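Work through the exercises below with the sequence and the structure side by side, trying each task before you read its solution.

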Amino acid sequence: MVVEQVAAGGPGGGTVGRLLAPLGQLRTLTATIYLLFAMFVGLAWHVVLAVGLTLGLGTLVIWVGVFVLALTVLAWRGGAWLERRWVGTMLGVHISDPYRPRPEGSLWRRARVVAADPATWKDLAYLIVLFPLGLVWFVVTTTLWSLALGLLTAPVWFWIPADGGMALFNDGVRSTLVIDTLPEALLACVAGAVLCVVAAWAVRGMALAHGAVAAALLGPSQNQLQARVEALQASRDRAVDSAEAERRRIERDLHDGAQQRLVALAMDLGMARAKLETDPAAGAALVGEAHEEAKRALAELRDLARGIHPAVLADRGLDAAISALAARSPVPVDVDVATGRLPGPVESTAYFVVAEALTNAAKHARAAEIGVRITRHRDLLIVEVIDDGVGEADPARGTGLRGLADRVAAVDGRLAITSPPGGPTVIRAELPCGS
């Protein structure tokens, strides 16, 4: 949860500046709007939940109720998702989604995970308490701002002709406050200005209180946050180890590959120079061999650089980089990339997910066809690689998929692998890519 701080004024603002700060802030206006409408949103959800739960439980014996209850659960989870965005926009309290990852498999299996997720029932609790909370916020907010603005504009209303002077809060029988002289109107204006400050601070206080309730019910619990921090720390530790192993591999590849070819190239050129004067034909043959050796060294360096970070990914994005991977694959690959440019770490992770999946499918799965689908859903990049091979891909049996899982976890993503015997194998990565 991230909560925006109330501005404390500039360096020279002093106590008065800090006291008046909420009056000039847009957040006070957006919070007022939220507090005024929360009651009506809560009332609407009370009606939806009452109808959905009553109808679902009443028809449960004929199985229709199962579908009605399922739709009701999806509705309140959707409502909670909207509330997180609405609270973040209007109150400045940014709440991350607390839900457990949905597993691959049948609809029934996913439904059980949703029903067993504590976050689902916390969403319901929030939508239930939204109406009574909203009622309190509505009464307090309307009372404070009505009184403050009524007193603040007293000098204006004083000049409007009326029998018995200006009356505030006239209930039809008696007037609780009557202003019939100009000094009284000016004094009321001063009181209204003071009350406007009080109302602004009260609105910010109610916004913070509502934000705390929303964060407690709509956000991840402390245990979830702690588990997430520990998982991220573990994945980052593994990523550091993987990076060190990758550095050693690059060093070994340079030493055993390109460096040896360059040494051979230098020796060939040295012998060619010695032969050119005495035996031009042999010298020309050695120059030709040196030329071929130089091309092989360049090819090895190009492959090595591509394994570190392909230039086409940085220059032209995921679509071109994945298409280049597909073109080099020995197995036919169908590519569908439906997204534009993304942050560098996200594009790099998605690229290596596809690269590792294509390599595994070609080497181990005996696949005849591979499909690559990359789409964006809200703030997630979905990467799916599906092959029709023999299946039984297991991250525990090799370092490639395990390293891939660590790479995905390092950007706070999720990797799911479904690979039953006989296939198909589905590798799915969900990568946060911002809103």
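**Exercise 1.** Leaving aside its neighbours within four places in sequence, find which residues are in contact with Glu347, and decide whether Glu347 is buried or exposed.

*Solution.* Begin by locating the residue in this predicted model: Glu347 belongs to helix H12. Next, set aside the neighbours within four places in sequence and list the contacts that remain, which are Leu313, Gly317, Leu318, Gly340, Arg341 and Leu342. Finally, turn to accessibility: the relative value for Glu347 is 3%, and because buried means under 20%, Glu347 counts as buried.

**Exercise 2.** Determine in what order the 5 strands of the open sheet are arranged, and explain why one side of S5 and of S8 is left without a neighbour in the sheet.

*Solution.* Reading across the open sheet, the order is S5-S6-S7-S9-S8, with mixed pairing. Strand S5 (333–338) and strand S8 (414–418) are at the edges and have a single partner strand each, so one side of each lacks a neighbour in the sheet. From one strand to the next, the twist averages 10 degrees.

The mixed pairing can be followed in two examples. S5 and S6 run in the parallel sense and pair over 6 bridges, and here Asp336 stands opposite Arg373 in S6. Strand S7 (residues 380–387) and strand S9 (residues 425–432), by contrast, pair in the antiparallel sense over 8 bridges, and Ile382 has Glu430 in S9 as its bridge partner.

**Exercise 3.** Describe which strands helices H11 and H12 touch where they pack on the sheet, and state the handedness of the unit made by S5, H12 and S6.

*Solution.* Take helix H11 (residues 318–328) to start with: it packs on the sheet and touches S5, strand S6 (370–377) and S7, while its direction makes about 175 degrees with that of S5. Helix H12 (residues 344–365) also packs on the sheet, where it touches S5, S6, S7 and S9, and its direction makes about 10 degrees with that of S7. Together, S5, H12 and S6 make a β-α-β unit that is left-handed.

**Exercise 4.** Explain why the ring pair of Trp76 and Trp121 is called tilted, and which parts of the chain this pair ties together.

*Solution.* A pair of aromatic rings is described by two quantities, the distance of the centres and the angle of the planes. The structure holds 5 aromatic pairs. For Trp76 and Trp121, the ring centres are 5.5 Å apart and the planes are at 55 degrees, so the pair is tilted. Trp76 lies in helix H3 (residues 64–91) and Trp121 in helix H5 (residues 118–152), so the pair ties together parts that are 45 residues apart in sequence. As for accessibility, Trp76 counts as buried at 1%, whereas Trp121, with a relative accessible area of 44%, is partly exposed.

Two further arrangements involve aromatic residues. Phe37, Phe40 and Phe138 form one aromatic cluster, and Arg77 lies over the face of Tyr99, at 3.9 Å from the ring centre.

**Exercise 5.** Establish how far apart His46 and Leu130 are in sequence and in space.

*Solution.* His46 is found in helix H2 (residues 26–58). Although 84 residues separate His46 and Leu130 in sequence, their C-alpha atoms are 8.9 Å apart in space. Apart from neighbours within four places in sequence, His46 is in contact with Leu127, Ile128, Phe131 and Pro132. With a relative accessible area of 31%, His46 is partly exposed.

Definitions and conventions:
Residues are numbered from 1 along each chain as its sequence is written. This is a predicted model: local features need pLDDT of at least 70, side-chain atom pairs count only at pLDDT 80 or more; totals for chains, interfaces and linings use all residues. Side-chain values use heavy atoms; hydrogens and water are left out. Two strands pair if DSSP finds at least two bridges between them. Helices (H or I, at least four residues) and strands (E, at least two) are DSSP runs, numbered from the N terminus. Axes are lines fitted to C-alpha atoms, for helices over the stretch in contact, and angles run from 0 to 180 degrees between N-to-C directions. Contact means heavy atoms within 4.5 Å. Rings of Phe, Tyr and Trp (its six-membered ring) pair if their centres lie within 6.5 Å; planes under 30 degrees apart count as stacked, over 60 as edge-to-face and the rest as tilted. Buried means under 20% relative accessible area, exposed over 50%, partly exposed in between (1.4 Å probe, protein chains only). A charge sits over a ring if NZ of Lys or CZ of Arg is within 6 Å of the ring centre and within 35 degrees of the ring normal. A crossover is right-handed if, with the strands pointing away from the viewer, the path from the first strand over the helix to the second runs clockwise.
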